[in-house]
Amino acid sequence: MASRVIPVKPFDLVIFGGTGDLALRKIIPSLYRRFLAGQMPPQARVIGAARRDLDTEAYRRMALSALEEFVAEEKRDPEKIAAFIEMLSYIRLDARGETGWNELAEALREGVIRVFYFSVGPGLFADLARRLVKHRLNDADSRVVVEKPFGHDLESARALNAVLAKCFDEHHIYRIDHYLGKETVQNLMVVRFANTLFEPLWNAQYVDHIQITVAETVGVAGRGEYYDRAGAMRDMVQNHMMQLLCLIAMEPPSLFEADAVRDEKLKVIRALDPVPPENIVRGQYARKGDIPSYREDVGNPESTTESFIAMEVHVSNWRWSGTPFYLRTGKRLKARVSEIAVIFKEPPHSIFGRRLPNHAGNMLVIRLQPNEGMVLNVTIKEPGPGGMRLMEVPLDMSFAEALGENGADIPDAYERLIMDVIRGNQTLFMRGDEVEAAWAWADPIIAGWEERGDEPLPYEPFGSGPEDALMLMHRSGRRWREISDEL
Ligand code: NAD
């Protein structure tokens, strides 16, 4: 199955922070893969702009070694790489000073799309925005891409939005949440809104509950300083998990168009109930053998930041009233897995007698990683004589299998998102009011922990988190899905 690639229009993409980890690990390799796919036009230019004293040659060498490290071997075509590298250049520039801005102004061409990618710490966003305006580098068709974290709380997110709003129109601002660039996440909308099968059942009448899990095996070593100030709530729940929840819970937008989709997501966030303390379990991984504890990893023996959180959340609207959403995320858990499970209710009456104790009923599992795909569990008769025994079997659709070659080659989220920026499509980017609404929901929860001096519960590494997280579901007769990389 050949994929259809439509080249985007010529562009100048400036990566502020072009020598940083994100630029070298994600942005440049993603651009190369789009170049290889024929989507990046030969007239495109990528300008790395950062503080380091480099010239274009040295920057190209840096990019080349990043491609060698972060692009799969079968995709490294020496001729293509050489042609791609030619598109890169470097300007030494200081976001907080005047160095480099005139050179940047000279390097930018007229008549092509300008993209300014803020791949720097959020402390520099305001400086960059002001200098772009001061030097008149942004035009009516420019795009500005900002990375997470978008604020630390409602107040800081508002301040950031206000700075950006002073310099650019909202339709020029692309707030990245890379979860939205994942193929399965987009597929979630197609599965819901392009099939008749699911949408009639997608409500409190037929859905018992929903589980969203983002589990990692890694600890926080290496990002300890940032993480200890954030914790799982700010790092995962307020942004990525909130976005997944919105896509599951939202009403059908009238069109698959940026503001129509974002309006519906915003309504979901605004319909979220405050979460009482008894619906939240926070945890922190303990030491196990040679594996250091969370507190050792972050170098803070008194830290009360959570590396795990499980919560029961309610969306108070007509569609979802009475159907809980269970969110769970953590570091140092059993497996690396991100998935959404929609657990349907039992049929109203069983004509086959009593249910089996472990009968799980119909369940749709949407897997984001690893091996993106979906599974629908259906109940059938266990084969053979011996009466009417029921069993569940999966109707499995791993995208890699279903889509053949193209499925095995699902593009990285950044590839999709960067091309969307150039196409001017904001559907998969967060709008300012969405981000603020998500903070408005998260802030009182965090403030509650601080006021009460809540301590997270210790949990053993490579398990399922604290026992109490299991209780969060057991108390209503439900249970979490096993944290496992098997679908
Ligand atoms: P990094 O520390 O590796 O890189 C920072 C870059 O900013 C460097 O190129 C540096 O030269 C440049 N810089 C610093 N001060 C500057 C100044 N005054 N003027 C011009 N350039 C300056 O950071 P990173 O990991 O690449 O992250 C960049 C942003 O992306 C951050 O906001 C981060 O939170 C976000 N982010 C990163 C990742 C990731 O995987 N690395 C993932 C999601 C979000």
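**Exercise 1. Work out how many residues of domain 1 touch domain 2, and how much area the two domains bury.**

Let's start with the contacts: 16 residues of domain 1 are in contact (heavy atoms within 4.5 Å) with nine residues of domain 2. This is a predicted model, where local features need pLDDT of at least 70, side-chain atom pairs count only at pLDDT 80 or more, and totals for chains, interfaces and linings use all residues. Residues are numbered from 1 along each chain as its sequence is written, and side-chain values use heavy atoms, leaving out hydrogens and water.

Next, place the domains. Domain 1 covers 11-147, and domain 2 covers 180-422 + 431-474; these bounds come from an automatic or database domain assignment. Their centres, taken over C-alpha atoms, are 34 Å apart.

Now the area. The two domains bury about 1200 Å² between them, with 66% of it on carbon and sulfur atoms. Buried area here is the accessible area (1.4 Å probe) that two parts lose on being put together, summed over both. On the domain 1 side, K26, S30 and R34 lose the most area to domain 2, together 32% of what that side buries.

**Exercise 2. Find the salt bridges between the domains, and the element of domain 1 that gives the most residues.**

First, count: there are three salt bridges between domain 1 and domain 2, each a side-chain nitrogen of Lys or Arg within 4 Å of a carboxyl oxygen of Asp or Glu. E415 pairs with R33 in a salt bridge, with the closest N and O atoms 2.7 Å apart.

Then look at the elements (DSSP runs numbered from the N terminus: helices, H or I, of at least four residues; strands, E, of at least two). α1 (21-36), β4 (113-118) and β5 (143-146) each give two or more residues to the side of domain 1 that touches domain 2. Of these, α1 gives the most, with seven residues.
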